[in-house]
Amino acid sequence: MALRGHSAADCVRIYLTVARKWPFFGAKLFLAKPITPSSLGSTFMWLAIHEDGLSILEYNSMRLIVSYVYKSLMTFGGYQDDFMVVINNAHSKDKPTEKLIFAMAKPKILEITLLIASYINNFYQQKAVHHLSAPALLSAQTQGFQARVMGSQPLLASSRPTKGPTLL
């Protein structure tokens with residue numbers, strides 16, 4: 001009712017302005033049902049995958065229950081017919097790790113696993129590039145170009161740290 005009299009373009013602009021203010025705007029949402037006994041309960045919820053990490057939202061209200069940064073994920077991926085994520089709770093002495101298992105459609109398990117892996121890989125690539133100096137970047141680019149000219153594949157300049165999360 002508040003938009004009555006506005007053009008369609010104005011309505012879209014107003015809607016997008018409001019939507020962008022939601023903290024999970026741009027996140028990919030996955031419907032999931034917790035399997036493991038936990039404080040999450042047993043009703044459906046949303047797993048929000050975004051550039052900062054994984055967040056669990058209430059199903060009806062979409063209010064935040066808990067968020068985990070990618071650095072706290074020890075492992076994640078398909079586990080039997082479900083999706084599992086193991087969280088490192090370094091701040092908790094009585095429970096240093098937490099295993100969360102969610103029932104999801106099989107194609108969604110693959111999608112969420114690949115999306116999380118993509119965000120983590122992107123984070124480490126940005127971090128590696130950020131730490132390289134301009135001469136080191138130029139040298140790496142030149143070596144890669146020379147290898148392609150000679151017909152071989154360049155080796156990866158930096159391998160992924162072993163302390164990062166692993167796919168199942």
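Contact, throughout this tour, means heavy atoms within 4.5 Å. The model is predicted, so local features need pLDDT of at least 70 and side-chain atom pairs count only at pLDDT 80 or more, while totals for chains, interfaces and linings use all residues. Residues are numbered from 1 along each chain as its sequence is written, and side-chain values use heavy atoms, with hydrogens and water left out.

**The whole chain**

Begin with the chain in cartoon view. The chain holds 3 helices and 8 strands; helices (H or I, at least four residues) and strands (E, at least two) are DSSP runs, numbered from the N terminus. Read along the sequence, their order is α-β-β-β-β-β-β-β-α-α-β. Of the 168 residues, 29% count as buried. Here buried means under 20% relative accessible area, exposed over 50%, and partly exposed in between (1.4 Å probe, protein chains only). The chain exposes about 11,800 Å², and carbon and sulfur atoms supply 60% of that area. Accessible areas come from the Shrake-Rupley method with a 1.4 Å probe; for residues, only the protein chains shown count as cover.

**Strands 1, 2 and 3**

Select residues 45-50, which form strand 2; 5 of its 6 residues are buried. Next add residues 28-34, strand 1, which pairs with strand 2 in the antiparallel sense over 5 bridges. Two strands pair if DSSP finds at least two bridges between them. Within this pairing, Leu31 stands opposite Trp46.

Now add residues 53-58, strand 3. Strand 2 and strand 3 are antiparallel, with 6 bridges, and they form a hairpin with 2 residues between them. His50 of the hairpin stands opposite Gly53.

Within strand 3, select Leu57. Leu57 counts as buried because its relative accessibility is 0%. Leu57 and Trp46 are 11 residues apart in sequence, yet their C-alpha atoms are 5.0 Å apart in space. Apart from residues up to four places away in sequence, Leu57 touches Trp22, Phe24, Leu29, Met45, Trp46, Ala48, Met62, Arg63, Leu64 and Ile65.

**The nonpolar core**

Which residues touch the most other members of the largest nonpolar core? Select Leu47, Ile56, Phe83, Phe102, Met104 and Ile116, which do so among its 23 residues. A nonpolar core is a set of buried Ala, Val, Leu, Ile, Met, Phe, Trp, Tyr and Cys residues joined through side-chain atoms within 4.5 Å. Two or more residues come from each of strand 1, strand 2, strand 3, strand 5 (73-79), strand 6 (82-88), strand 7 (97-103) and helix 2 (106-131). Helix 2 gives the most, with 5 residues.

Centre the view on Ile116. Beyond residues up to four places away in sequence, Ile116 touches Ile49, Leu54, Tyr70, Leu73, Phe76 and Phe83.

**A buried acid and a buried serine**

Move to Asp82, in strand 6. Asp82 is buried yet has no salt bridge, and the nearest side chain of opposite charge, Lys106, is 9.0 Å away. For charge, Lys and Arg count as positive and Asp and Glu as negative; His and the chain ends are not counted. A salt bridge is a side-chain nitrogen of Lys or Arg within 4 Å of a carboxyl oxygen of Asp or Glu. Leaving aside neighbours within four places in sequence, the contacts of Asp82 include Ile35, Gly77 and Phe102.

Then select Ser72, in the loop between strand 4 and strand 5. Ser72 counts as buried because its relative accessibility is 13%. Not counting residues up to four places away in sequence, Ser72 touches Val86, Ile87 and Asn88.

**Two positive phi angles**

Most residues other than glycine have a negative phi. Select Met62, in the loop between strand 3 and strand 4 (64-69); Met62 has a positive phi of about 60°. In the loop between strand 5 and strand 6, Gln80 has a positive phi of about 55°. Met62 is partly exposed at 26%, whereas Gln80 is exposed at 68% relative accessibility.

**Salt bridges**

The structure holds 5 salt bridges. Start in helix 1 (residues 8-20), where Asp10 and Arg13 lie 3 residues apart, about one turn of the helix; their closest N and O atoms are 3.7 Å apart.

Next, select Arg63 and Glu58, whose side chains meet at 3.6 Å, N to O. Arg63 is exposed at 54%, and Glu58 is partly exposed at 32%.

Finish in helix 2 with Lys108 and Glu111, which form a salt bridge at 3.2 Å between the closest N and O atoms. Adding Lys28 to the selection completes a network of salt bridges that links Lys28, Lys108 and Glu111.
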